[in-house]
Amino acid sequence: MEIKPMSISVLDSISPVDGEVVSGLLEKERKDFNRKILVLDDDPTGTQTVHDVPVVTDWEEETIEEIFAMEGPMVFILTNSRSFSKSYTKEVHEKIGKNIAKVFKETGKEFLLISRGDSTLRGHFPLETETLRETLEEECGIKYHGEIICPFFLEGGRYTLNNVHYVREGKMLVPAGQTEFARDKSFSYTSSHLGEYVEEKSQGLYKKEDCVYISLEELRGLRLDEITEKLIKAENFCKIIVNAVDYADVEIFCICWIRAVKAGKNFLVRSAAALTRVIGGVCEIPLLTREKLVDPKTKNGGLVIVGSHVKKSSAQLECLMESDKPLEFLEFHVNRYFTDGDLHGETNELLNKAEEHMKKGTTVVIYTSRELVVPPTEDKDKILHLSVEISDALTRIVSLLSLKPRFIVAKGGITSSDVATKGLGIRKAMVMGQIQKGIPVWMTGEKSKFPDMPYIIFPGNVGEVSALREIVEELM
C-alpha cells in the first residue's frame, strides 16, 4: 500500500506527556548506569545535538584506551564510513570491534556502542552493525540480543510514526522513501516503513514481521513495563523500531532501554543524532554566537566550502549568493576531472585566488559545480569513489593554506569529514555546541593545522534555505 505525505499538523494531535515526570524517571535510571558510550559516527554531522563532548578521528588501540580512560560518559569516534566502499567499511568496523574488545577485556569497563547514521536512512546499513556484532561476539563473548533503530531527528525534521519514517518538507511530512535522499546513487532505497526498510536493506535476512515495534501509544502512555518486557524478550539480533516525534519519546524509550540492559540484555544501536544526546545525558544550551566563536584579533577572512549536491544545499548556496556582505565566490569546476584526468590544476588555481582574497579580510566561498557529470555506471562504489575524489581535491585547498582563516564552514558530510581529518589534521576536537539547530561547531585541537579555530560542520540535508547565509553573516 502506498504511503502518502501528510500535513505536519498531524503531530499536534498526538497526546502530550509530562516532561518533568519523564526527565525525573530517566535521571533516576541513569544514576547507577556507568557504561562508557561510544558513538561511531559515519560522518562529522552526528555531533549536531551535543556539546562539551570530545570527538576523535581515529580508532587505533591507543586511542580506544584513551577513550575508555576519559572521565565523561560519551565520546564520538569519527569513522567517515559513508564515504567508504563496502569492503573497506567492513574492514574498518572489524578493526574497531577488535580494538574495543581488547580494551574491554583489559579494563573490564562496560560500554554501549552506537552506530550514528543518517536521519534520512543513507549509509552502510546493516553492514556496519552486523560487522560489529560478529566481531564483538567472537572477540569478547558479548551476546547481542537486538539492534535498536531510531532515526528520529527533531532538528532536521525527521519523524517516525506508525513505524513509517518521514522527512519534513515545508508544511508536509514526506515518507522518506519518496524523497531525494532515497534516490542517493550510493545508498538508494524504496521503503519508508522501517520494518520494510530493514527487510529491503538486509535482502530479506531480517523480516518486517519479525521486527519489534515500540509505538507512540506505548511511549506516550508511559507503558514502561510493557516496553521493557519487549526489550527483555528480544533475541537473535532482532530489529527494534522506535517511533518518535519528540525528544520525550526518546527519553521514555531510554528509560526502558537502560532497565533492559540492567536486566542483562545487550543491544547495538543504529540511530540519528537525537538518541545520542538523550542517552548521553547532554542538556540543551543556547545557540552559539559570533562573540563566543570568533577571535576579534583575527583579521583574515573566513572560508566556506560547499561540496554537498543535494537540493537543499544548492538552494542554501543560492541564498548565500544574494548576501550583500563582502563575499568572494569561487566555483570549483569538478567536471575538469573528466577532461584533465584529475583536479590538481583546479585546486591550485583556487588556492591562490582564495588566499589573495582572505588576506584582505574577505570571506571566500568555494563551491563545487552544481551540475556533475556522473560516470555511466551502476557500480555504487565507483560513484562513491568519484565523490571522494572531488572531496579530496577540495580538502587539498585547506591543507595547503598558508594563512589561518577566521573560521571554516564545510557544507556536506563527506566534505566536512575530509576537511576535518585531511585538511585540518584534527585528531581530537571538542564539540562546543550548535550555531543553528542541527549544525555543530567544533573547536580544533592543539595538534591540528589551525589550533583553536571554530570549525562549523553543516550537514547537506539540514537547515532552512536561509541557514547558510545566516551563519556566514553571523561569523563575519
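1. The buried residues of helix H3 pack against strand S2 (36–41), helix H2 (61–69), strand S5 (111–116) and helix H4 (127–140). This is a predicted model, and the remarks that follow should be read with that in mind. The buried set in H3 consists of Thr89, Val92, His93, Ile96, Gly97, Asn99, Ile100, Ala101, Val103 and Phe104. In an α-helix there are 3.6 residues a turn, so residues three or four places apart point the same way.

2. As for the geometry of H3, the helix covers residues 86–107, which makes 22 residues, and its first and last C-alpha atoms are 32 Å apart, close to the 32 Å expected at 1.5 Å a residue. Directly after H3 comes glycine 108, whose phi is positive at near 75 degrees.

3. The loop between S5 and H4 holds proline 126, and the peptide bond that leads into this proline from phenylalanine 125 is cis, with an omega near 5 degrees. Phe125 also belongs to the lining of the largest cavity, which is taken up in the next point.

4. How many cavities of 30 Å³ or more does the count give? The count comes to 1 cavity, and the volume of the largest cavity is about 100 Å³. Its lining is made up of Gly117, Asp118, Leu121, Arg122, Phe125, Ile149, Pro151, Tyr197, Arg270, Ser271 and Ala272. By residue class, the lining of the largest cavity divides into 6 nonpolar, 2 polar and 3 charged residues.

5. Arginine 133 is located in helix H4, one of the elements against which the buried residues of H3 pack. Is arginine 133 buried or exposed? Arginine 133 counts as buried because its relative accessible area is 15%, which is under the 20% cut-off. Beyond the neighbours within four places in sequence, arginine 133 is in contact with Tyr144, Tyr206, Asn236, Phe237 and Leu268. Threonine 47, which is 86 residues away from arginine 133 in sequence, is 23 Å away in space, C-alpha to C-alpha.

6. Two of these contacts of arginine 133, Asn236 and Phe237, deserve a check of their backbone angles. Asparagine 236 has a phi near 60 degrees, a positive value in a residue other than glycine, and phenylalanine 237 likewise has a positive phi, of about 55 degrees, although it is not a glycine. Asparagine 236 lies in the loop between helix H7 (224–232) and strand S11 (238–242), and phenylalanine 237 is found in the loop between H7 and S11 as well. Their accessibility differs, however: asparagine 236 is exposed, with a relative accessible area of 59%, whereas phenylalanine 237 is buried, at 0% relative accessibility.

7. On annotation, UniProt lists residues 37–277 as "domain: Four-carbon acid sugar kinase N-terminal", in an unreviewed entry. In the model, this span is 37% helix and 22% strand, and its end C-alpha atoms lie 11 Å apart.

8. Further along the chain, the buried residues of helix H11 (311–321) are Ser313, Ser314, Gln316, Leu317, Cys319 and Leu320. These buried residues pack against strand S13 (303–306), S14, strand S15 (363–368), strand S16 (408–411), strand S19 (454–458) and helix H16 (467–475).

9. Lysine 325 sits in the loop between H11 and strand S14 (327–332). With a relative accessibility of 39%, lysine 325 counts as partly exposed, because this value falls between the 20% limit for buried and the 50% limit for exposed. Once its neighbours within four places in sequence are left aside, the contacts of lysine 325 are with Glu473 and Met476. Lysine 325 and serine 83 are 242 residues apart in sequence, and their C-alpha atoms are 34 Å apart in space.

10. Proline 440 lies in strand S18 (residues 439–444) and counts as buried, at 0% relative accessibility. Which residues are in contact with proline 440, leaving aside its neighbours within four places in sequence? They are Pro44, Thr45, Thr47, Gln48, Gly433, Gln434, Tyr455, Ile456, Ile457 and Pro459. By contrast, lysine 360, which is 80 residues from proline 440 along the chain, has its C-alpha atom 28 Å from that of the proline.

Terms used. Residues are numbered from 1 along each chain as its sequence is written. This is a predicted model: local features need pLDDT of at least 70, side-chain atom pairs count only at pLDDT 80 or more; totals for chains, interfaces and linings use all residues. Side-chain values use heavy atoms; hydrogens and water are left out. On a 1 Å grid over the protein atoms alone, a cavity is a set of points where a 1.4 Å probe fits but cannot get out, and a pocket is an open set with protein on both sides within 12 Å along at least five of seven lines; lining residues have an atom within 4 Å of a point. Grid points are joined across faces, edges and corners, and a volume is the space filled by probe spheres set on the points. Ala, Val, Leu, Ile, Met, Phe, Trp, Tyr, Cys and Pro count as nonpolar, Asp, Glu, Lys and Arg as charged, and the others, Gly among them, as polar. Helices (H or I, at least four residues) and strands (E, at least two) are DSSP runs, numbered from the N terminus. The expected span of a helix is 1.5 Å times one less than its number of residues. Buried means under 20% relative accessible area, exposed over 50%, partly exposed in between (1.4 Å probe, protein chains only). Contact means heavy atoms within 4.5 Å. UniProt positions are given in the numbering used here, feature names are shortened, and annotations may be inferred rather than shown by experiment.
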